[in-house]
Amino acid sequence: LFPYTTLFRSSAQDFGPAEESWPLEWLQGLIAHEQSDPWVLMEIENALPDNTLVLRKLAVEVTRSLIDRLVQNVPTALDMKSYVGRLWNNLSIRQSRMGLRAEGLISIVEAVRIRRALAEANPDAFLADLAASLNNQANRQSAMGLRGEALVSIVEAVRHYRALADVDPDAFLPDLIIVL
């Protein structure tokens with residue numbers, strides 16, 4: 001998509017010589033410069049690793065900034081709404097890893113809201129995403145001590161994964177096993 005994709009991916013890593021600070025500085029400069037361009041932020045957000053220490057705070061900032069940019073444009077296309085739901089889900093995970101449990105719970109509630117609406121409109125395309133977000137919501141609720149709410153969320157996630165596994169066991173049985 002962008003000529004800098006390889007450089008994004010290599011800059012957005014947690015490894016490399018400690019004295020090599022230029023990749024992170026370049027990436028931070030690009031983020032600051034391209035705040036108005038959601039396409040660049042999308043590419044950077046996609047390049048950031050899921051499990052990161054050095055880039056943890058940056059990952060939260062980029063994901064949050066991207067959500068803010070996309071929500072301002074009120075996405076109407078289903079694929080864009082789905083992408084925004086994915087971003088809220090990712091933001092929740094990233095916030096939780098930073099110890100921002102309350103913020104992570106707020107973010108996952110928004111992901112579930114978006115993904116629930118999408119799954120109601122087109123379950124074949126979006127039910128798996130809803131189930132994944134419900135599982136993450138249960139994790140966030142449990143971390144906040146909301147055991148009853150977490151149980152409700154995980155029971156719904158299991159119900160959806162069971163329905164999906166009945167139709168396509170190769171694709172969804174592993175997910176069902178993980179949440180059980």
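Which residues of α6 are buried? In α6, the buried residues (under 20% relative accessible area, 1.4 Å probe, protein chains only) are Gly104, Leu105, Ser107, Ile108, Ala111, Val112, Ile114, Arg115, Leu118 and Ala119. This is a predicted model, in which local features need pLDDT of at least 70, side-chain atom pairs count only at pLDDT 80 or more, and totals for chains, interfaces and linings use all residues. Residues are numbered from 1 along each chain as its sequence is written, and side-chain values use heavy atoms, with hydrogens and water left out.

**Helix α6**
- Helix α6 covers residues 101–121; at 1.5 Å a residue its 21 residues should span 30 Å, which agrees with the 30 Å between its end C-alpha atoms.
- The buried residues of α6 pack against α5 (78–97) and α7 (123–143).

**Helices α7 and α8**
- The axes (lines fitted to C-alpha atoms, for helices over the stretch in contact) of α7 and α8 (residues 147–167) come within 8 Å and cross at roughly 155°.
- The two helices, α7 and α8, are therefore roughly antiparallel (an angle over 145 degrees) to each other.
- The contact (heavy atoms within 4.5 Å) involves residues including Leu127, Leu130 and Leu134 of α7 and Ile154, Tyr161 and Leu164 of α8.
- By class, this contact of α7 with α8 has twelve nonpolar, six polar and three charged residues.

**Asp37**
- Asp37 lies in the loop between α2 (22–33) and α3 (38–47).
- Asp37 counts as partly exposed (between the 20% and 50% limits) because its relative accessibility is 25%.
- Asp37 and Arg69 are 32 residues apart in sequence, and their C-alpha atoms are 8.3 Å apart in space.

Note on methods: Helices (H or I, at least four residues) and strands (E, at least two) are DSSP runs, numbered from the N terminus. The expected span of a helix is 1.5 Å times one less than its number of residues. Axes are lines fitted to C-alpha atoms, for helices over the stretch in contact, and angles run from 0 to 180 degrees between N-to-C directions. Angles under 35 degrees count as roughly parallel, over 145 as roughly antiparallel, 65 to 115 as roughly perpendicular and the rest as oblique. Ala, Val, Leu, Ile, Met, Phe, Trp, Tyr, Cys and Pro count as nonpolar, Asp, Glu, Lys and Arg as charged, and the others, Gly among them, as polar.
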